[in-house]
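Hi everyone, thanks for coming. Let me put the sequence and the structure up on the screen so we can walk through them together.

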Amino acid sequence: MKRIFSGVQPTNKLHIGNYLGAIRNWVKLQDDPTFADAEKIFCVVDLHAITLPQDPVALRQNVRDIAAAYVACGIDPAKASIFPQSAVAAHSELSWILGCITPMGWLNRMTQFKEKAGKHREEAGLGLYSYPVLMAADILLYKTSHVPVGEDQKQHLELARDLAGAFNRRYGVDYFPLPEPIIMGEGARIMNLRDGTQKMSKSAESDMTRINLTDDADTIALKIRKAKTDPDPLPETIEALEKRPEADNLVTIFALLDDTSRKDVLSRYSGKMFSEFKPALAELAVEKLSPISARMRELQEHPDALNRILIEGTEKVRALAEKDMEEIRHIVGFTKMA
Ligand code: AMP
Ligand code: TRP
């Protein structure tokens, strides 16, 4: 049976990279007839969020905001479960079990830890280090078959596959299926608007580096106008475009928002200056994002409706998780108490 699982951290507002690289693809899978019978689970990963310090009041609010964003982007609670990770204790329990079969060497290779811990490796928390084990637990707990994520999560997905194999071998079972990453299209990695070599990130200090799903039309236009570019007109070929990371990024964003390819965008804009391209991009971005932010506002104004969505999602996945966890505890050799 096919099962889809993915998640986003409730650490800040969602940006256009999260939308184009991940959530938009969740919606596509949700509506894809080949996945009609698949269980679809979209989690707000607050356990992952506390691997770095979070203000408790802000964290609770962020969870609601991200859940609202899922729905506003097109996740349909009638087809998919939406829930906060911390509401299902089995994620933490399985993470411990998997942690006991994870060689330190595997975690030492994880590039995200190196980036996030930076020069302060000795002070970095154990949670930040074992973060990919928790992510593997999220995925394996539901015997997930497909995981739609942005390209930056590929290495973590490989670890989840390795851990599925390690568990099966250690216990001599064929229990966990190997989850497949689904990394779709040209939007797999949207870059920082001020530096085309860095990915657009929720945690970058300057808000000018990203377009948030909640930005109003003027802010979107301003951020695109100020986005770093070069003085040359847009090129004719993808090859030439790829030598110019900032230009490539803006063309990629345009193509994804317009549901076309970069090639198609170049056929319309090659030879044109950014002074012409940027306002067109701003207009397109506003057209596509404003219905999402309007729907998000509507959901914030109806907390009961959002609560219902989260409660229903939690109840549904708790039942799935508990059933699997019973089997896992038995495989591992834990004692069942009444
Ligand atoms: P995060 O913001 O790290 O919680 O990521 C949530 C999801 O968005 C993951 O599937 C990421 O791969 C995806 N994502 C985050 N940043 C980007 C980006 N700049 N471009 C494309 N996808 C992204
Ligand atoms: N680590 C992912 C990120 O930062 C979020 C995440 C946590 C996730 N658990 C997951 C994504 C399970 C897919 C599946 O983007």
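I'll talk about the surroundings of a ligand, and then about a pair of helices. Keep in mind that this is a predicted model.

Okay, so ligand 2. How many residues surround ligand 2? There are 13 of them, and the closest are Q9, Y131, M135, D138 and Q153.

Let's look at some of those side chains. For D138, an N or O atom in the side chain sits 2.7 Å from a nitrogen atom of the ligand. Q153 also has a polar side-chain atom by a ligand nitrogen, at 3.1 Å. With Q9, the partner on ligand 2 is an oxygen atom, and the distance to an N or O atom of the Q9 side chain is 3.3 Å.

And how much of the ligand gets covered? On its own, ligand 2 would expose 360 Å², and the protein buries 91% of that.

Which elements give two or more residues to this shell? Those are strand 1, residues 3-8, and helix 7, residues 126-141. Helix 7 contributes the most, with 4 residues. If you sort the shell around ligand 2 by class, you get 7 nonpolar residues, 5 polar ones and 1 charged one.

Now for the helix pair. Find helix 1, at residues 16-30, and helix 11, at residues 245-257. These two pack with their axes 11 Å apart, at an angle of about 50°. Angles that are neither under 35 degrees, nor 65 to 115, nor over 145 count as oblique, so helix 1 is oblique to helix 11. As for handedness, helix 1 passes helix 11 in a left-handed crossing.

That's my bit, thanks!

Notes:
Residues are numbered from 1 along each chain as its sequence is written. Chains are lettered from A and ligands numbered from 1 in the order in which they are written. This is a predicted model: local features need pLDDT of at least 70, side-chain atom pairs count only at pLDDT 80 or more; totals for chains, interfaces and linings use all residues. Side-chain values use heavy atoms; hydrogens and water are left out. A residue is near a molecule or strand if one of its heavy atoms lies within 4 Å of it. A polar contact is a pair of N or O atoms within 3.5 Å; within protein, one must be able to donate a hydrogen and the other to accept it, and residues adjacent in sequence count only if both atoms are side-chain atoms. Accessible areas come from the Shrake-Rupley method with a 1.4 Å probe; for residues, only the protein chains shown count as cover. Ala, Val, Leu, Ile, Met, Phe, Trp, Tyr, Cys and Pro count as nonpolar, Asp, Glu, Lys and Arg as charged, and the others, Gly among them, as polar. Axes are lines fitted to C-alpha atoms, for helices over the stretch in contact, and angles run from 0 to 180 degrees between N-to-C directions. A crossing is left-handed if the near helix is turned anticlockwise from the far one by less than a right angle, and right-handed if clockwise.
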